[in-house]
Each structure stands twice: as structure tokens, then as C-alpha cells.
Amino acid sequence: MEFSSKAFKEGKCQGQKVVDGEIMPLVLQPPEPNKVDLESLLFALKENKDWFEQMIINNSAVLLRGYNVEKAEDFNEILEIFGWEEIHYVGPAPRTHVYKRVLTANEGPLSEFIYYHHEMVLIKECPKKVIFFCEIPPPEGGETPFVPSFRVTERMLEEFPEAVEKIEEKGLKYTFTTLSKNDTASSMRGRGWEDTFGTSDCAEAERRANAAGMDLEWLPNGAVQATLSPRPLTKVFDGRKGRRMWFNTAVGMHGKEHSSAMMADGTELPEHVVKRCEEIIEEESIQFKWEKGDVLFFDNMALLHGRRPSLPPRRILVAITK
């Protein structure tokens, strides 16, 4: 389905790319100067809901720009139009609930780069969509770069076909450590286990972790080590042209202080393969400068995303949905 809607005008943004014939991100703007208000946007989305959802699948990223979306309540109204079921966030990233479906994006130090990932890729039921709202754009940096996941798979298969198939056959094993208490000031993974699993009861935390597909080990210092295995290297999802997505977080967790990634049988991942994959992911990345009021829709099945370091202030809100 090509772009065709009188309710929106197709725009451009710096950093936009065409990947395999698809514009990323597809920029949608008000069709006329007198239709920048929130009510006009809500009406346009309501009248073109099915078409808009298909654009997210077709282009993987859709950016609404130029509308008067001012605050979390406005953002939530946009989300309510679609009726997507929300998903409870499970993970170590520090976040704060803001309003109804709306959370803050990772509140870890802005000086840190958040590595590329599919949101909640390690959890059995991860979100299909991730939606961002720019309330306060950063004065410098702070982009949310994203990567077409299938391109990583294609290039890794071109350069390391045997290694890719070997890892795929064995599966991946991840571990990560969740702190005993929150520490958002010094780490982008600073969420304590109570917030991570939404309970202060150890037995209940284990039950919830098991339901999400992970095993817990309680450490002497009060922290928790989670193990997830086996996990796939790639996945193919319905409606996405049979593309094989690089649906893992091996590079992001490999050899880090509080996390690890290896083959499910304990075999280490080849260092040169991990390093080259990191380079490929960066080479395939797409990014643009945030503007106040931007609303960005990601197909989480198709895109990895991250966060560039930035100067303060920066306030990006997020919703994750089925």
C-alpha cells in the first residue's frame, strides 16, 4: 500500500532514508496550516486508523510532525484512538509512570548511549509497537536512532553465514543483574528488582520472572541475576515480507559489567563476529533531530532503536503496546 491520504501531507526530515523501497521514517504533517490543532489530528487518525496502522507495518517508522501535541495527556489521547492493548514494562531501565498509558523513556544518565535493541526482546510477550512523544527536545544530541532489523541479518549472512547459522541452531543465553534498589543517577540499567518485577515479595518476583521466561538467582548483596535461555538469533514475523529480523540483543549485552550473551550451550560468541555486527548495526542506523510535539511510531518487530547521548534538558515520553 503506497502513501495515499488526503488527511495528511507527506513531509521530509533530515536523516530520512529509503530502505528496500520504503521511506524511513515516513513523515506525516498537517495537510493545511489550519489543521495543526490536536482535535484535527485526532479526527484524521480516527478516520484513517486502518490505513495509518498499515503505514506503520509498511514503513516500520512513522513520524507525526507539525501538530500541537503539548503534553502527556495529548499523547495519551492519540494512543486511545487505536485502542492497542498496553503491555506492562519488564526490564532494568528506570522509568516513571506519567499518565494512563504514558511512561518516561529510559531515565538513565543522558551522557550514556543506550544501545540498539528491540523493546523487551528478551521477554516472551514483547510489544508490537513502541510510540514516542517529544515533550522537550534536547539542545544537542539525544536522537533516537533506529535500524531496520532485516538489514542486519542480511549483512551478517553475507559476511558470516556459518557463524550465523551455528548461533541460530544453538540459540542464545543471556544473563543480567538487577540491583537490590533503584540507582537511576548512575546507570541506564538502574532499576531495582522490586520495580523491575513490580513486587517486593521474592517468591512473587520469581513467579513473574518465570512467566516472562527467565530464571532468577538471588545474590549475597541483595541483587538478582536473571538468566534467559534459549533465545533465538533471528525471527520472521507475519506481514513483513518474510524478512528475517535480527531479533536479539547479543551485541548490547555481550561482555558487559552487568550482563552477558553467549550461545545457549555456554560457548562464547566469536569476538570478531560480535564486533563486526556492532559496526553493521551502526552503519545501517537512521536518525533525525527531535522537534517539540513529534510523535514517533515504531514497529518493534522490525526495528532496533537506541538513544544518543545528549545535553539536558530532554524529555521523551513513551508507550508500549500489543
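**Why these labels? A walk through the model**

Visitor: What makes Ser310 buried or exposed here?

Guide: Ser310 has a relative accessible area of 11%. The cut-off for buried is under 20%, so Ser310 counts as buried. Keep in mind that this is a predicted model.

Visitor: Where does Ser310 sit, and what does Ser310 touch?

Guide: Ser310 is in the loop between strand E18 (303–307) and strand E19 (315–321). Leaving out residues up to four places away in sequence, Ser310 touches Leu110, Pro138, Glu140, Gly141 and Gly142.

Visitor: Why is Lys71 called partly exposed?

Guide: Its relative accessibility is 38%. Buried needs under 20% and exposed needs over 50%, so Lys71 falls in between and is partly exposed. Lys71 belongs to the loop between strand E5 (61–64) and H3. Setting aside neighbours within four places in sequence, Lys71 is in contact with Phe133 and Glu135. The C-alpha atoms of Lys71 and Leu317 are 9.3 Å apart, though their positions lie 246 residues apart along the chain.

Visitor: How do you know that helix H3 is mostly covered?

Guide: Eight of the 11 residues in H3 (residues 72–82) are buried. They are Ala72, Asp74, Phe75, Asn76, Ile78, Leu79, Ile81 and Phe82. Just after H3 comes Gly83, with a positive phi of about 70 degrees.

Visitor: Why are H1 and H3 called roughly parallel?

Guide: The axes of H1 (residues 38–47) and H3 cross at roughly 15 degrees and come within 9 Å. Angles under 35 degrees count as roughly parallel, so H1 gets that label relative to H3. The crossing is right-handed. On the H1 side, the contact is made by Leu38, Leu41, Leu42, Leu45 and Lys46. H3 brings in Asp74, Glu77, Ile78, Ile81 and Phe82.

Visitor: And what makes H4 and H9 oblique?

Guide: Helix H4 (residues 149–159) and H9 pack at an angle of about 140 degrees, with axes 10 Å apart. Roughly antiparallel needs an angle over 145, and roughly perpendicular covers 65 to 115. The H4 and H9 angle fits neither range, so the pair is oblique. Their crossing is right-handed. In H4, Val152, Arg155, Met156 and Glu159 take part, and they meet Val273, Arg276, Cys277, Ile280, Ile281 and Glu283 of H9.

Visitor: Which residues have the most contacts inside the largest nonpolar core?

Guide: Val152, Met156 and Met214 do, in a core of 72 residues. Helix H9 (residues 271–283) gives the most to this core, with five residues.

Visitor: How do you know that this core lies between the domains?

Guide: Both domain 1 (9–145 + 286–321) and domain 2 (148–282) give residues to this core, so the core lies between them. There's also a second, separate core of 31 residues, which includes Phe8, Phe52, Leu79 and Val102.

Visitor: What is Val152 in contact with?

Guide: Not counting neighbours within four places in sequence, Val152 is in contact with Val147, Trp246, Cys277, Ile280, Ile281 and Leu304.

Visitor: How many residues does each domain put into the contact, and what separates the domain centres?

Guide: Taken over C-alpha atoms, the centres of domain 1 and domain 2 are separated by 23 Å. The contact takes 34 residues from domain 1 and 38 residues from domain 2.

Notes: Residues are numbered from 1 along each chain as its sequence is written. This is a predicted model: local features need pLDDT of at least 70, side-chain atom pairs count only at pLDDT 80 or more; totals for chains, interfaces and linings use all residues. Side-chain values use heavy atoms; hydrogens and water are left out. A nonpolar core is a set of buried Ala, Val, Leu, Ile, Met, Phe, Trp, Tyr and Cys residues joined through side-chain atoms within 4.5 Å. Buried means under 20% relative accessible area, exposed over 50%, partly exposed in between (1.4 Å probe, protein chains only). Helices (H or I, at least four residues) and strands (E, at least two) are DSSP runs, numbered from the N terminus. Domain bounds come from an automatic or database domain assignment. Contact means heavy atoms within 4.5 Å. Axes are lines fitted to C-alpha atoms, for helices over the stretch in contact, and angles run from 0 to 180 degrees between N-to-C directions. A crossing is left-handed if the near helix is turned anticlockwise from the far one by less than a right angle, and right-handed if clockwise.
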